[in-house]
Amino acid sequence: TTPLSSESIAIKSVKVTRYVAKNPIYVTPQIDETGNTYRWYSENKIIHNTYENLTDQKQVVNVTHSLISDDYVKPFSKMERIELEPREKKDIDLNFGEVKECNLYWYNIDIKSDDGSINSTFRPLELAIVKTDPDGIKNDIYWAAHLDRYGDKAMIEGVEMIENSNAKGYRSGFEWGWMVNWGSNYIAYDINDELKKRNLEYSPIVSLVHPRNAYDSVRYYVDTPEDLADLKEHAKTLANLLGENAGYEIANEPNLASFNPFMNQGVDVGAKKYVDAMQAAYEGIKSVHPDAQVGGPVLCYINNEKGIDFFDKAMEYGMWKYMDAFVVHAYANNYIEKANFEKYYDYYTSEFAKVGKSDIKYWNTETGFTVTDDTIRPKRRQGILNATSGIYYSATGIFDRIVIYNLEQKGEVETEREDNFGCVSPGYTELKKYGKNFVPTISYVIVTGMNYMMAESESVQHKLINNDTVSINR
């Protein structure tokens, strides 16, 4: 016998043959509805399926369609027998109009032949059935969104998703700089027109940055007499465009240096510059619509010194004279009852009472939850928290205006906080999901259901139990 060699074996080449696994019958579904979202009451809910026989033989298969949610609810299953000639393509529609149960579903397709030679499963997309009110009744809740970042088609789809959710309107900026520099090409004009068509309101953020500084890396508020006069004229233009009922917010989070660079010079300077600009915007709006509601200071960190110190300074400079609504961004990272916002509400209320402003309204124009927080994920919990916050705030009557942040995800980076407040997929062309913009998560489905139930309702009871950590609302 030949002894085994202890030396390594030299391999000159390796031949690899790749055999591609194919589903003999391939199916491609297409949905016409925006965001793959069906209204529950629609009698016809259609999926357009294209079947393709990839073989050279005639095939006869049994195709089973089903809708399956992540919590294993299966409201629909249907089997049909399909014959395909060699290499034939055939279009066959599926109608699941009888399904009324609102949820987020996977569309599942099983294709099997009688002899077992074909046994394929496809799960090509998700779709939603949502509780859109058939009479168009809306709840007093708005979506924050950024529809001005997309093209015309995506913008219109975004407005439709707001309408489908039974929300009252859309909160976003109406940028002074873009109005001047882009003119009629500024997409916010088209957004406003599209909202009006669907009886939705535009809740605008009034910019305090002069158009000539719109492209600056550091964007200061206007602060010279000439520029403040320009701001007043801009506010008149905006009021004429959007009307009396818009609900105008003066700037966004001016207690942060990222929005108000004067804060880098201290809270005293930051607050003074804000109030000066706020006065100009307020007077411009009121000169056109005396009964329009104007809010500020759009404060974040309302429960610590970052918010309270700015508020106190701004009040010293007379902020209260130029506002009908006190606007805050009351975020939480758990059930809203545990955030104890009522404690801080009492503080601000007492400060307004000192200057005879006890009748001031309260707006919460950003409330929402990001699933990057351990206490928020997954999306189902996010939806529950968004919905229960809406119920809680409506029942307590703390806020006259509530805005959920955010309608759409800004991106798809799982560790990026700002990407993960959204309740539908992004609106960017390169981030389409299943070939669509604004595909819902279960969070959107839950919020839509809450809006449907709460629209035109009145609170008859609100109480806190378990050391004020649980609320009962009727």
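## A Guided Tour, Starting at Asn-386

Select Asn-386 to begin: this residue is buried, and its relative accessible area is 3%. The model on display is a predicted one, so every stop on this tour concerns a prediction.

**The surroundings of Asn-386**

Extend the selection along the chain to residues 379-396, which form helix H8, the helix that holds Asn-386. Next, display the contacts of Asn-386, setting aside neighbours within four places in sequence. They are Thr-367, Gly-368, Phe-369, Ile-404, Cys-423, Ser-443, Val-447 and Met-450.

**The whole chain**

Zoom out to view the protein chain in full. Its C-alpha trace spans about 95 × 65 × 55 Å along the principal axes. Colouring by secondary structure should show nine helices and 18 strands. The protein chain has 474 residues, and 52% of them count as buried. Among contacts with a separation of 6 or more, 74% are made by residues 24 or more positions apart.

**Helices H4 and H5**

Select residues 225-242, helix H4, together with residues 267-288, helix H5. How far apart are the axes of H4 and H5, and at what angle do the two helices pack? The axes lie 7 Å apart, and the angle is about 40 degrees. An angle in that range makes H4 and H5 oblique to each other, and their crossing is right-handed.

To inspect the contact itself, show the side chains on both helices. On the H4 side, select Leu-228, Leu-231, Lys-232, Ala-235, Lys-236, Ala-239 and Asn-240. These meet a group in H5 made up of Asp-276, Ala-277, Ala-280, Ala-281, Glu-283, Gly-284, Ile-285, Ser-287 and Val-288. Sorted by class, the contact of H4 with H5 comprises nine nonpolar, three polar and four charged residues.

**Cysteines**

Now select the cysteines. How many disulfides are there? The count is zero. Cys-102 takes part in no disulfide, and the nearest cysteine sulfur, belonging to Cys-423, is 16 Å away. That distance may be set against the cut-off of 2.5 Å for a pair of cysteine sulfur atoms. Cys-423 has already appeared on this tour, as one of the contacts of Asn-386.

Is Cys-102 buried or partly exposed? It is partly exposed, with a relative accessible area of 28%. Cys-300, in contrast, counts as buried at 6% relative accessibility.

**Peptide bonds and backbone angles**

The last stops concern the backbone. Most residues other than glycine have a negative phi, and most peptide bonds are trans. The places below depart from that pattern.

- Select Gly-296 and Pro-297: the peptide bond between them is cis, with omega near -5 degrees. Pro-297 belongs to strand E13, residues 294-299.
- Select Tyr-405 and Asn-406: here too the peptide bond is cis, and omega is near 20 degrees. Asn-406 sits in the loop that runs between strand E16 (401-405) and helix H9 (442-454).
- Select Arg-87, which is not a glycine yet has a positive phi of about 60 degrees. Arg-87 lies in the loop between strand E5 (76-84) and strand E6 (89-95).
- Select Asn-166, also not a glycine, with a positive phi of about 65 degrees. Asn-166 is in the loop between helix H1 (152-164) and strand E10 (169-174).

Is Asn-166 buried or exposed? At 2% relative accessibility, Asn-166 is buried, which closes the tour.

Terms used:
Residues are numbered from 1 along each chain as its sequence is written. This is a predicted model: local features need pLDDT of at least 70, side-chain atom pairs count only at pLDDT 80 or more; totals for chains, interfaces and linings use all residues. Side-chain values use heavy atoms; hydrogens and water are left out. Buried means under 20% relative accessible area, exposed over 50%, partly exposed in between (1.4 Å probe, protein chains only). Helices (H or I, at least four residues) and strands (E, at least two) are DSSP runs, numbered from the N terminus. Contact means heavy atoms within 4.5 Å. Axes are lines fitted to C-alpha atoms, for helices over the stretch in contact, and angles run from 0 to 180 degrees between N-to-C directions. Angles under 35 degrees count as roughly parallel, over 145 as roughly antiparallel, 65 to 115 as roughly perpendicular and the rest as oblique. A crossing is left-handed if the near helix is turned anticlockwise from the far one by less than a right angle, and right-handed if clockwise. Ala, Val, Leu, Ile, Met, Phe, Trp, Tyr, Cys and Pro count as nonpolar, Asp, Glu, Lys and Arg as charged, and the others, Gly among them, as polar.
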